[in-house]
Amino acid sequence: MMAQVLSVLVWALLLSGAFFLVTGALGMVRLPDVFTRMHAAGMADTMGAGLILVGLCVHSGVNLVTLRLLLVLAFLWFTSPIATHALAKAALSGGAEPYTLAGGDEGERGTEAEGGGMS
Amino acid sequence: MFAVTAAALLVAMCLAMCRALLGPTAYDRVLALNNIGTMTVVLIAVLGFLNGRPDFLDLALAYALINFIGTIAVLKYIEYGDLGTSGGPRRRNASRR
């Protein structure tokens, strides 16, 4: 009984992590700007890798492998925001302009976004 | 279940590789390569469990650190044009000295 519950939990964690990874990669292909792509990649890094590694932790039980998995998870969760921050800083100082709805050809949705920002 | 996760990881890596090849600016390519590195770390861990040998986790640990250092080095090279600068606020201050 306990093994079945653990198996279902591992399945759910691995599949939701894989879903987040594929969604993040899809967003990185389809979103219009480097900053919005950074947002999609950050979600894939945090939730996708995190859920998959936690699922592997649940599968392996409590031993030295779990410690290594938690170390990998800790390194990923420390280094990914730092790399994203450095990338955003470099992109801003390098002249990449953030994509805005108001400046493009979608004027109607841009005014909606401005109204939402003011209220 | 590890095979399904590995397949999803490979699909996500293919999509990120599309962005790395198509990316209009260098920052898109750096972002895609950083994401591919993160997914490689997870793929190494999943493949270790798939083969029944979780010893590959040490490789994943080392690869995570190498990926981070590589990303930071490439970003510093793009921003300052030089890996040896002390990282001042602007490129002009570094070139005046």
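Which residues make a nonpolar surface patch of about 280 Å²? Met2(A), Leu6(A) and Leu9(A) do. Take Leu6(A), which sits in helix 1 of chain A. Its relative accessibility is 34%, and since buried would need under 20% and exposed over 50%, Leu6(A) counts as partly exposed. Bear in mind throughout that this is a predicted model.

**The two chains**

Let's put the chains next to each other. Chain A is built from four helices and has zero strands, so to speak an α-α-α-α run from the N terminus on. Chain B also reads α-α-α-α from its N terminus, with four helices and zero strands of its own. Here are some values for each chain.

| Property | Chain A | Chain B |
|---|---|---|
| Buried residues | 37% of 119 residues | 41% of 97 residues |
| Accessible surface | about 6700 Å² | about 5200 Å² |
| Carbon and sulfur share of that surface | 70% | 65% |
| Contacts joining residues at least 24 apart, among those at least 6 apart in sequence | 60% | 47% |

**Where the chains meet**

Now for the interface. A common way to give the size of an interface is the accessible area lost when the parts come together. Here, chain B and chain A bury about 3600 Å² between them, and carbon and sulfur atoms give 79% of that area. On the chain B side, Met1(B), Tyr27(B) and Leu31(B) supply 18% of the area this chain buries against chain A, more than any other three residues. As for who takes part, 41 residues come from chain A and 39 residues from chain B.

There is some charge pairing too: three salt bridges are counted between the two chains. In a salt bridge between Arg68(A) and Asp58(B), the side chains meet at 3.3 Å, N to O.

**The nonpolar core**

Nonpolar side chains tend to be buried together in soluble globular proteins. In this model, the largest nonpolar core has 46 residues, and the members that touch the most others are Leu53(A), Leu56(A), Leu69(A) and Val46(B). Both chains feed into this core: the elements giving two or more residues are helix 1 (2-30), helix 2 (34-60) and helix 3 (64-93) of chain A, along with helix 1 (2-22), helix 2 (26-50) and helix 3 (57-80) of chain B. Helix 2 of chain B contributes the largest share, 11 residues.

Leu56(A) is a good place to look at this core up close. Setting aside neighbours within four places in sequence, Leu56(A) contacts Leu14(A) and Leu69(A) in chain A, and Phe2(B), Ala45(B), Val46(B) and Phe49(B) in chain B. Two of the names here, Leu69(A) and Val46(B), were already mentioned among the members touching the most others.

**A threonine with contacts in both chains**

One more residue is worth a click: Thr71(B), found in helix 3 of chain B. Is Thr71(B) buried or exposed? With a relative accessibility of 7%, Thr71(B) counts as buried, because the cut-off for that is under 20%. Leaving out neighbours within four places in sequence, the contacts of Thr71(B) are Val30(B) and Asn34(B) in chain B, plus Ala83(A) from across in chain A.

Notes. Residues numbered from 1 in each chain as written. Chains lettered and ligands numbered in written order. Predicted model: local features only at pLDDT ≥ 70, side-chain atom pairs only at ≥ 80, totals over all residues. Heavy atoms only, no water. Core = buried A, V, L, I, M, F, W, Y, C linked by side-chain atoms within 4.5 Å. Buried < 20%, exposed > 50% of the residue type's maximum accessible area, 1.4 Å probe, protein only. Contact = heavy atoms within 4.5 Å. Areas by Shrake-Rupley, 256 points an atom, 1.4 Å probe, with all protein chains shown as cover. Patch = residues over 30% accessible without salt bridge, like charges linked within 9 Å, V, L, I, M, F, W, Y side chains within 5 Å. Salt bridge = Lys/Arg side-chain N within 4 Å of Asp/Glu carboxyl O. Buried area = accessible area lost by both parts, 1.4 Å probe.
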